[in-house]
Amino acid sequence: MAEARIIDGKGFAAGLRARIGAAVEQLRTTHALVPGLAVVLVGEDPASAIYVRNKGEQTREAGMHSVTHRLDASTSQDELLRLVNQLNNDPSIHGILVQLPLPGHIDAQAVLSAIDPAKDVDGFHVVNAGRLSVGLPALVPCTPLGCMMLLKDTVKDLRGMHAVVVGRSNIVGKPMAQLLLQADCTVTIAHSRTRDLAGICREADILVAAVGRPEMVKGDWIKEGAVVIDVGINRVPARDPAAAAAGKTRIVGDVCYAEAASVAGAITPVPGGVGPMTIACLLANTVTAACRSAG
Ligand code: GUN
């Protein structure tokens with residue numbers, strides 16, 4: 001069996017950002033409309049801080065208006081809700097993203113529910129989740145949206161394929177399953193309590209791994225020729241023992257890439273697969289929200 005085709009998410013995301021940049025320029029010149037994205041970070045989680053910085057940079061690179069609110073970890077839920085309300089009422093802001101996780105004293109669901117669904121570029125509000133599930137136009141969570149773009153680019157006709165989604169989170173697993181269903185796939189949602197997980201994965205023409213467990217999906221869980229989408233971004237000790245002892249790390253997915261690449265037909269690498277698509281889709285959702293706000 002030949003090595004799997006590598007699905008180049010990094011390259012696809014760069015192309016998407018360029019197309020978004022062109023659309024933003026068009027909106028500015030023809031409609032005097034500049035899409036605006038506000039990102040809110042509470043606390044100092046280092047991984048979140050990097051994500052938030054990248055979001056701001058890529059928003060500006062696309063020619064959009066970018067605002068970042070960095071709040072102290074001790075910020076109260078009421079203060080955060082007041083900020084969300086202020087952003088809901090700010091006409092220069094079309095998209096609002098509150099970075100997760102939030103500190104333990106804040107009820108994340110209450111905060112997400114306070115975001116105007118029309119500005120909910122994460123697609124986490126129950127209104128958008130509900131609209132997606134009944135097939136109405138919705139703002140769709142960025143990571144599954146990016147996965148679907150890569151899948152549609154890789155597989156010309158998804159209809160009737162058996163897609164197995166491993167993971168049932170509100171952020172990835174559930175919306176991913178909805179999108180695959182909309183594309184006429186036969187969808188199985190598997191999770192940590194699923195019996196014979198390996199056997200179910202082996203039935204998949206499309207396997208989406210979104211569990212957050214490093215290299216959990218092994219090569220012999222994959223059907224020959226399947227398309228594998230690895231959503232995982234897990235930091236593990238470096239391969240070299242001396243480097244690991246010095247605290248060096250590397251990033252791996254939820255799929256054991258070296259094993260999977262010799263069985264799958266196509267696979268996303270980690271890094272450089274799904275990861276870069278998430279922010280590109282955030283920018284796309286912000287443009288969508290801005291266009292809808294203009295009627
Ligand atoms: N934390 C990790 N991923 C995400 C995401 O997609 N959106 C938000 N708001 N927080 C996150």
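Here are legends for a handful of close-up views of this predicted model.

**View 1. The two domains and the records that overlap them.** Start with the overall split: the domain assignment cuts the chain into domain 1 (31–116) and domain 2 (141–275). Their C-alpha centres sit 28 Å apart. UniProt, in an unreviewed entry, has its own labels here. Residues 7–122 carry the annotation "domain: Tetrahydrofolate dehydrogenase/cyclohydrolase catalytic" in that record, and residues 141–292 carry "domain: Tetrahydrofolate dehydrogenase/cyclohydrolase NAD(P)-binding". In the model, the stretch 7–122 comes out at 50% helix and 16% strand, with 24 Å between its end C-alpha atoms. For 141–292 the numbers are 36% helix and 18% strand, with the end C-alpha atoms 17 Å apart.

**View 2. The shell around the ligand.** Where does the ligand lie relative to domain 1 and domain 2? Domain 1 (31–116) and domain 2 (141–275) each give residues to the shell, so the ligand lies between them. Zoom in and you can pick out L97, V98, Q99 and L100, then D122, then C142 and T143, and finally I171 and T278. Two elements, β4 (95–98) and α6 (142–154), each bring at least two residues to this shell. As for chemistry, the shell residues break down into 5 nonpolar, 3 polar and 1 charged.

**View 3. The sheet of 3 strands.** This one is an open sheet with parallel pairing, and its strands go in the order β3-β2-β4. β3 (65–71) and β4 are the edge strands, each pairing on one side only. On average, neighbouring strands here are turned by 15° against each other, direction ignored. Look at the pairing of β2 (residues 36–42) with β3: the two run parallel and are joined by 7 bridges. To find your place along that pair, use L41, which stands opposite R70 in β3. One edge of the sheet also ties back to the previous view, as β4 (95–98) supplies at least two residues of the ligand shell.

**View 4. The sheet of 6 strands.** Reading across this open sheet, you meet β1-β11-β8-β7-β5-β6, with parallel pairing. Why is one side of β1 (5–6) and of β6 (186–190) left without a neighbour in the sheet? Both strands stand at the edges and each has a single partner strand, so there is nothing from the sheet on the other side.

**View 5. Strand β7 and its two partners.** Now go in on β7 (residues 206–209), where I206 and V208 point one way while L207 and A209 point the other. Buried or exposed, these four residues of β7? I206, L207, V208 and A209 are all buried. One partner is β5 (residues 162–166), which runs parallel to β7 and is joined to that strand by 4 bridges. Along this pairing, V164 stands opposite L207, and V166 stands opposite A209. The other pairing to look at is with β8 (residues 227–230), again parallel and again with 4 bridges to β7. Here the pair to look for is V208 of β7 and I229 of β8, which stand opposite each other.

How values were computed:
Residues numbered from 1 in each chain as written. Predicted model: local features only at pLDDT ≥ 70, side-chain atom pairs only at ≥ 80, totals over all residues. Near = placed C-beta within 6 Å. Nonpolar A, V, L, I, M, F, W, Y, C, P; charged D, E, K, R; others polar. Domains from an automatic or database assignment. Buried ≥ 20, exposed ≤ 12 C-beta atoms within 10 Å, placed from the backbone. Pairing = 2+ DSSP bridges. UniProt positions renumbered as here; feature names shortened; annotations may be inferred. Axes fitted to C-alpha atoms, helices over the stretch in contact; angles between N-to-C directions.
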